[in-house]
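User: Could you take me slowly through one part of this model, namely how its helices pack against one another? I am in my first year, so please spell out each step.

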Amino acid sequence: MSEPSYHPGPRLSQQETAVLVAYLSGLTMVAAARRVGVGLGTAKQYLERVKRKYAAAGRPAQTKLELARRAVEDGLLSWTEQPSRRAG
């Protein structure tokens, strides 16, 4: 059995991480923005920055599933976490 490879994650800001985790936990973008305390446009900008940072690190993540995979790889999210109730 081979060892899992380590994938250094990009440096995400606290706000980028908060929006990413809220969104990947099952919230809509509107609800994720509300939870973090920012506007929808700002939350979308944060998510786009996250995607660009992953691409620059050689680990592209354009879809929600790809972002979730990267978040799990980087220890930001666990596959065993229960999704939040959809709000918004």
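Analyst: What follows goes through the helix contacts in turn and ends with the aromatic rings. Please keep in mind that this is a predicted model.

Let us begin with helix α1, residues 14-24, and helix α2, residues 29-36, whose axes come within 9 Å and cross at roughly 135°. Because of that angle, α1 counts as oblique to α2. The crossing in which α1 passes α2 is right-handed. If you look for the side of α1 that takes part, you will find Q15, A18, V19, A22 and Y23, while α2 contributes M29, A32, R35 and V36 to this contact. Sorted by character, the residues of the contact between α1 and α2 fall into 7 nonpolar, 1 polar and 1 charged.

The next contact again involves α2, this time with helix α3, which spans residues 40-56. The axes of α2 and α3 come within 9 Å and cross at roughly 100°, so α2 is roughly perpendicular to α3. From α2 the contact draws on M29, V30 and A33, and from α3 it draws on L40, A43, K44 and L47. M29 is therefore worth finding in your view, because it is listed in the contact of α2 with α1 and also in the contact of α2 with α3. Among the residues that join α2 and α3, 6 are nonpolar, none is polar and 1 is charged.

Moving on along the chain, α3 packs with helix α4, residues 64-73, at an angle of about 70°, and their axes lie 12 Å apart. It follows from this angle that α3 is roughly perpendicular to α4. Here α3 passes α4 in a left-handed crossing. On the α3 side you can pick out L47, V50, K51 and Y54, and these meet L67, R70 and A71 in α4. The residues of this contact divide into 5 nonpolar, no polar and 2 charged.

Finally, consider the aromatic rings, for which the structure holds 0 aromatic pairs. The ring of Y23 nevertheless has a charged partner, since the charged end of K64 sits over that ring, 4.2 Å from its centre. Y23 is also one of the α1 residues that make the contact with α2.

Key: Residues are numbered from 1 along each chain as its sequence is written. This is a predicted model: local features need pLDDT of at least 70, side-chain atom pairs count only at pLDDT 80 or more; totals for chains, interfaces and linings use all residues. Side-chain values use heavy atoms; hydrogens and water are left out. Axes are lines fitted to C-alpha atoms, for helices over the stretch in contact, and angles run from 0 to 180 degrees between N-to-C directions. Helices (H or I, at least four residues) and strands (E, at least two) are DSSP runs, numbered from the N terminus. Angles under 35 degrees count as roughly parallel, over 145 as roughly antiparallel, 65 to 115 as roughly perpendicular and the rest as oblique. A crossing is left-handed if the near helix is turned anticlockwise from the far one by less than a right angle, and right-handed if clockwise. Contact means heavy atoms within 4.5 Å. Ala, Val, Leu, Ile, Met, Phe, Trp, Tyr, Cys and Pro count as nonpolar, Asp, Glu, Lys and Arg as charged, and the others, Gly among them, as polar. Rings of Phe, Tyr and Trp (its six-membered ring) pair if their centres lie within 6.5 Å; planes under 30 degrees apart count as stacked, over 60 as edge-to-face and the rest as tilted. A charge sits over a ring if NZ of Lys or CZ of Arg is within 6 Å of the ring centre and within 35 degrees of the ring normal.
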